[in-house]
Amino acid sequence: MLSPSFLSRQPPPLLLLLLLLSPWPVWAATPTGTPGARDCPEACTCAPGGQVNCSGRALPAVPAGLSPSVRALLLDHNRVRALPPGAFVGTGGLLRLDLRENGLRWVHARAFWGLGALQELDLSANQLEALAAGTFASLRALCKLSLADNRLARLEPAALGALPLLRALSLQDNELTALAPGVLAGLPALNSLRLRGNPWACGCALRPLCAWLRRHPQPAPEAEMLLCVSPGLQTLSLLTAFPETAFHHCVQPLAPWDRVVVYTLGPVSFLASLATCLALGSVHTAWRARRQRAAACCPRRRPLNLGLRKASPAEPGSPAATAQV
């Protein structure tokens with residue numbers, strides 16, 4: 001406990017003069033030594049406005065201790081190979097997330113949960129081969145998404161989900177041969193789509209993409225790079241050059257309601273026909289068993305022979321034998 005004599009001591013006059021003449025208040029200094037933020041991760045640099053810069057720090061995971069006031073998180077050029085569930089928990093105010101060039105290979109379906117305000121997400125230059133269903137479903141405010149320069153061979157509609165505000169999507173430099181039906185249907189605000197650098201196969205599976213490209217003309221440099229690499233007759237053909245008539249030989253995909261009807265009526269019809277066959281077989285078997293029981297209980301009687309028996313020629317006493325004598 002401090003003594004009263006210690007509390008009564010006054011600082012030296014020179015120290016008081018320095019404190020009064022100092023242009024910066026001493027009590028405003030941040031305890032972490034990192035400019036611009038009070039709760040800044042140790043390996044990162046924080047700036048006013050809520051920007052956290054963790055670029056090029058060889059980080060193996062998302063740093064802990066992120067504040068809800070973070071608005072931009074730069075994690076590019078690190079070693080974040082996987083994103084577990086709730087990887088960004090506590091950063092609900094995040095607007096921009098940069099994860100370029102991390103060697104990222106796996107993203108859990110709930111990795112981005114809680115980022116309902118996120119507007120920009122950059123996952124380019126990684127090693128993603130597939131995306132789980134619902135990966136981006138919670139990012140309802142997302143406006144810009146980059147998946148460029150990965151290893152995606154297929155992109156399912158369930159992975160993107162419905163992103164009503166997404167305006168720009170980059171899929172260039174992947175291994176896509178087509179886009180699954182329904183991928184672009186859930187992106188009503190999309191007007192910028194980067195697709196070059198993919199091995200597109202010009203077949204019936206490309207019909208939805210070509211229809212979208214006709215409705216949304218691309219810039220000349222981008223459109224000139226959208227070429228087919230297969231099949232043989234369509235090699236090096238422009239995707240933007242295919243009219244709707246080129247797909248008239250293709251079977252129209254079933255609508256969701258039609259699929260429900262088909263997948264419901266098929267099993268029901270099979271079970272109904274099987275039940276009908278079993279019922280008919282049971283009725284037929286019961287009828288035959290009833291006839292057999294009736295035949296066993298009441299056997300048929302032989303009809304009475306009321307006519308005279310015809311005597312054989314060799315029988316003694318017969319008129320024929322008497323005549324012969």
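A salt bridge is a side-chain nitrogen of Lys or Arg within 4 Å of a carboxyl oxygen of Asp or Glu. Glu222 and Arg196 meet this condition, with their closest N and O atoms 3.5 Å apart. The pair links distant parts of the chain, 26 residues apart: Glu222 belongs to helix H5 (residues 220-224), while Arg196 is in the loop between strand S10 (192-194) and strand S11 (200-201). The model is predicted. The points below cover its salt bridges, a pocket, some loop residues, two backbone angles and a surface patch.

**Salt bridges**

- The structure holds 6 salt bridges.
- Side chains of opposite charge can pair when their charged atoms come close.
- The two partners of the Glu222 and Arg196 bridge fall into separate accessibility classes: Glu222 is buried because its relative accessibility is 6%, below the 20% limit, and Arg196 is partly exposed at 32%.
- Asp76, Asp98, Arg100 and Asp122 are joined into one network by salt bridges that share partners.
- Within this group, the side chains of Arg100 and Asp98 meet in a salt bridge with an N to O distance of 2.9 Å.
- Arg100 has a relative accessibility of 29% and so counts as partly exposed, while Asp98, at 4%, counts as buried.
- Another salt bridge joins Glu156 to Arg154, and here the closest N and O atoms are 2.3 Å apart.
- Arg154 counts as exposed because its relative accessibility of 52% is over the 50% limit.
- Its partner Glu156 has a relative accessibility of 34%, so Glu156 is partly exposed.

**The second largest pocket**

- The second largest pocket has a volume of about 200 Å³.
- Its lining is made of 13 residues.
- Glu120, Leu121, Asp122, Lys144 and Ser146 are the lining residues that lie nearest the centre of the pocket.
- Four strands each supply at least two residues of this lining: S5 (96-98), S7 (120-122), S8 (144-146) and S9 (168-170).
- Asp122 therefore appears in two places in this briefing, as a lining residue of the pocket and as a member of the salt-bridge network.

**Buried residues in loops**

- Asn126 is in the loop between S7 and S8.
- With a relative accessibility of 5%, Asn126 counts as buried.
- The side chain of Asn126 reaches the backbone oxygen of Leu99 at a distance of 3.1 Å.
- Ser67 lies in the loop between strand S2 (51-53) and strand S3 (72-74).
- Ser67 has a relative accessibility of 14%, so Ser67 counts as buried.
- The side chains of Ser67 and Ser69 are joined by a polar contact of 2.9 Å.
- Ala111 is part of the loop between strand S6 (106-107) and S7.
- The relative accessible area of Ala111 is 0%, and Ala111 is therefore buried.
- Ala111 and Pro85 are 26 residues apart along the chain, yet their C-alpha atoms are separated by 4.3 Å.

**Backbone angles**

- Most residues other than glycine have a negative phi.
- Glu101 has a positive phi, near 50°, and is a residue other than glycine.
- Glu101 is found in the loop between S5 and S6, where it is partly exposed with a relative accessible area of 41%.
- Asp173 is not a glycine either, and its phi is positive at about 60°.
- The loop between S9 and S10 holds Asp173, which is partly exposed with a relative accessible area of 32%.

**A nonpolar surface patch**

- Phe270, Leu271, Leu274 and Leu278 make a nonpolar surface patch of about 430 Å².
- One of these residues, Leu274, is placed in helix H6 (residues 256-297).
- Leu274 has a relative accessible area of 40%, which lies between the limits of 20% and 50%, so Leu274 is partly exposed.

Note on methods: Residues are numbered from 1 along each chain as its sequence is written. This is a predicted model: local features need pLDDT of at least 70, side-chain atom pairs count only at pLDDT 80 or more; totals for chains, interfaces and linings use all residues. Side-chain values use heavy atoms; hydrogens and water are left out. Patches are made of residues with over 30% relative accessible area and no salt bridge: like charges are joined within 9 Å, nonpolar side chains (Val, Leu, Ile, Met, Phe, Trp, Tyr) within 5 Å. Accessible areas come from the Shrake-Rupley method with a 1.4 Å probe; for residues, only the protein chains shown count as cover. Buried means under 20% relative accessible area, exposed over 50%, partly exposed in between (1.4 Å probe, protein chains only). A polar contact is a pair of N or O atoms within 3.5 Å; within protein, one must be able to donate a hydrogen and the other to accept it, and residues adjacent in sequence count only if both atoms are side-chain atoms. On a 1 Å grid over the protein atoms alone, a cavity is a set of points where a 1.4 Å probe fits but cannot get out, and a pocket is an open set with protein on both sides within 12 Å along at least five of seven lines; lining residues have an atom within 4 Å of a point. Grid points are joined across faces, edges and corners, and a volume is the space filled by probe spheres set on the points.
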